[in-house]
Amino acid sequence: MKKWQWLIAIALFLGIAGANYFGDLTLKRAINKIVYSSDDLLYMRKLVVAITQPKDQQITVTAHSSVEQLQMFETIERFNDGYLLTYKEPFVLNALYDGLIIFTGHTQYNGKSISVIYDNGMTMTFGFVDDFYVLPYTSVSKGTVMATKKSGELYIQIEKDGVILDMEQTTQWLKDREI
């Protein structure tokens, strides 16, 4: 190769390598500035709600039967990091509190799954659901329909303060919910 071709090749290489290196840094910095953890997601959700909804606005809350339906399981058994609850009747999974949907999709072990992080810091994952009615990163309020479940097994995992509840705590949590 001639001398001028080498100069063009070197300049082109340095340009591509520099753009690749500095482009990655810029992208990584921007993402890291936005979200570090689920606490940041909750903070951003609360901030957006505070901006978009006036504080003196009254919201009508209606009772929903999702907790009552969750409490009507026939059997419970350990499965992965959560539990399989068996139901004879189909039901609707409603949001138990205000929160943010963090995952909807299909997983290898839990089939169609949905995860929601509530404003109180609790994260709940439901697996083997039949239909979704929300998308990921959708804000939900108490009573919002998230998914439906026909009779059969429902996977549930409850995480509170970063700790996954064991079987006794999970059943106690289900029993203690107000109907």
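Two strands are taken to pair if DSSP finds at least two bridges between them, and in this predicted model that criterion is met by β6 and β10, which pair in the antiparallel sense over 5 bridges. Within this pairing, T125 stands opposite Q157 in β10. Strand β6 also pairs with β5, again in the antiparallel sense and over 5 bridges, and here V116 is the residue that stands opposite M124 in β6. The hairpin of β5 and β6 has 4 residues between the strands, and in this hairpin G121 takes a positive phi near 90 degrees.

The surroundings of β6 were examined next. In a regular strand the side chains alternate between the two faces of the sheet. Both faces of β6 are covered, with T123, T125 and G127 buried on one side and M124 and F126 buried on the other. Because 5 of the 5 residues of β6 are buried, the strand is largely enclosed by the rest of the structure.

Two residues of this strand, M124 and F126, are also among the members of the largest nonpolar core that touch the most other members, a group that further includes L70, L93, M146, L154 and W173; the core has 26 residues in total. The elements that give two or more residues to this core are the strands β2 (82-87), β3 (91-94), β5 (111-118), β6 (123-127), β9 (145-149) and β10 (152-160), together with the helix α4 (167-176). For M146, when its neighbours within four places in sequence are left aside, the residues in contact are L93, N94, A95, I101, I114, V116, Y118, F126, D131, F132, Y133 and V134.

Aromatic side chains were considered separately, and a search of the whole structure finds 4 aromatic pairs. In one of them, the rings of F79 and Y155 have their centres 6.1 Å apart and their planes at 75 degrees, so the pair is edge-to-face. Since F79 lies in strand β1 (residues 75-79) and Y155 in strand β10, this pair ties together parts that are 76 residues apart in sequence. The two partners differ in their exposure, for F79 counts as partly exposed at 23% relative accessibility, whereas Y155 counts as buried at 1%. Another edge-to-face pair is formed by Y97 and Y118, at 5.3 Å centre to centre and with 80 degrees between the planes. Here Y97 lies in the loop between β3 and β4 (99-107) and Y118 in strand β5, so the pair ties together parts that are 21 residues apart in sequence. Of these two tyrosines, Y97 is partly exposed, with a relative accessible area of 25%, while Y118 is buried, with a relative accessible area of 0%. In addition, F79, F128 and Y155 form one aromatic cluster. A charged side chain is also placed against a ring, as K112 lies over the face of F132 at 5.6 Å from the ring centre.

At the level of the whole chain, the secondary structure comes to 4 helices and 11 strands. Of the 179 residues, 30% count as buried, and the chain exposes about 11,800 Å², of which carbon and sulfur atoms supply 58%. Among the contacts in the chain with a separation of 6 or more, residues 24 or more positions apart account for 61%.

Terms used: Residues numbered from 1 in each chain as written. Predicted model: local features only at pLDDT ≥ 70, side-chain atom pairs only at ≥ 80, totals over all residues. Heavy atoms only, no water. Core = buried A, V, L, I, M, F, W, Y, C linked by side-chain atoms within 4.5 Å. Buried < 20%, exposed > 50% of the residue type's maximum accessible area, 1.4 Å probe, protein only. Contact = heavy atoms within 4.5 Å. Phe/Tyr/Trp six-rings, centres within 6.5 Å; stacked < 30°, edge-to-face > 60°. Lys NZ or Arg CZ within 6 Å of the ring centre and 35° of its normal. Areas by Shrake-Rupley, 256 points an atom, 1.4 Å probe, with all protein chains shown as cover.
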